[in-house]
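Biologist: I'm new to this one, so could you take me on a close look at its largest pocket? I'd like to hear what lines the pocket, and then what sits in the parts of the fold around the lining.

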Amino acid sequence: LSSVVEVVEVETEEIKTVKGAIVLNLRDNVISLINLKSELKLGSDLDKAKKIYIVIVGYAEKRIGIIVTRLVGKQEIVIKTMGKYLDNTKGISGATILGSGEIILILDISVLIRMAIRKS
């Protein structure tokens, strides 16, 4: 959560592709985007949705936008490393178990930013 700068809801037509990278012009700043669902090989909702949420995150002076399907809220959690189970999954640093028993993956923002920079 400390990496989150802001959350914006935008029309999908505001998202553009420049040299193979997806970007958003947000208040005269071009922000590289990562489609989280696509990066994790879970498909893509970009073509179906009219509006989407983008979580703008920062690491040092770098900023990227992460396209997410939905926002749930925020809460305090304990992050558990997943060891060898997530070795081949870039952008995931661990997991947590919610009170409901649901397992939630934790994003590694610095890795996601490096991935976005390489694509842009």
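Modeller: Let's start with how residues get sorted here: Ala, Val, Leu, Ile, Met, Phe, Trp, Tyr, Cys and Pro count as nonpolar, Asp, Glu, Lys and Arg count as charged, and the others, Gly among them, count as polar. With that in hand, the lining of the largest pocket divides into 23 nonpolar residues, five polar and four charged. Keep in mind that what you're looking at is a predicted model.

The largest pocket holds about 1,400 Å³ of space. There are 32 residues lining the pocket, and the closest to its centre are Arg70, Gly73, Ile104, Leu105 and Leu107. Which elements do they come from? Two or more lining residues come from each of β1 (4-11), α1 (36-39), β5 (51-59), β6 (62-68), β7 (92-97) and β8 (103-107). Of these, β8 gives the most to the lining, with five residues.

Now for how some of those strands fit together. β1 pairs with β5 in the antiparallel sense, over seven bridges. If you want a spot to click on, Glu11 stands opposite Lys51 in β5. On to the next pairing: β5 and β6 also run antiparallel, joined by seven bridges, and Tyr53 has Val68 in β6 as its bridge partner. These two strands, β5 and β6, make a hairpin with two residues between them, and Ala60 in the turn has a positive phi of about 60 degrees.

β5 and β6 turn up again in the largest nonpolar core, where they and α2 (109-119) are the elements that give two or more residues. That core has 13 residues, and the ones touching the most other members are Ile34, Val57, Ile64, Ile66, Ile109 and Leu112. The biggest contribution is from α2, with six residues. There's also a second, separate core of eleven residues, with Val10, Ile15, Leu26 and Leu33 among them. As a general background, nonpolar side chains in soluble globular proteins tend to be buried together.

One last stop, back in a strand that helps line the pocket: Thr96 sits in β7. Is Thr96 buried or exposed? Its relative accessibility is 5%, and buried means under 20%, so Thr96 counts as buried. A polar atom of the Thr96 side chain lies 2.8 Å from the backbone oxygen of Val78.

How values were computed:
Residues are numbered from 1 along each chain as its sequence is written. This is a predicted model: local features need pLDDT of at least 70, side-chain atom pairs count only at pLDDT 80 or more; totals for chains, interfaces and linings use all residues. Side-chain values use heavy atoms; hydrogens and water are left out. On a 1 Å grid over the protein atoms alone, a cavity is a set of points where a 1.4 Å probe fits but cannot get out, and a pocket is an open set with protein on both sides within 12 Å along at least five of seven lines; lining residues have an atom within 4 Å of a point. Grid points are joined across faces, edges and corners, and a volume is the space filled by probe spheres set on the points. Helices (H or I, at least four residues) and strands (E, at least two) are DSSP runs, numbered from the N terminus. A nonpolar core is a set of buried Ala, Val, Leu, Ile, Met, Phe, Trp, Tyr and Cys residues joined through side-chain atoms within 4.5 Å. Buried means under 20% relative accessible area, exposed over 50%, partly exposed in between (1.4 Å probe, protein chains only). Two strands pair if DSSP finds at least two bridges between them. A polar contact is a pair of N or O atoms within 3.5 Å; within protein, one must be able to donate a hydrogen and the other to accept it, and residues adjacent in sequence count only if both atoms are side-chain atoms.
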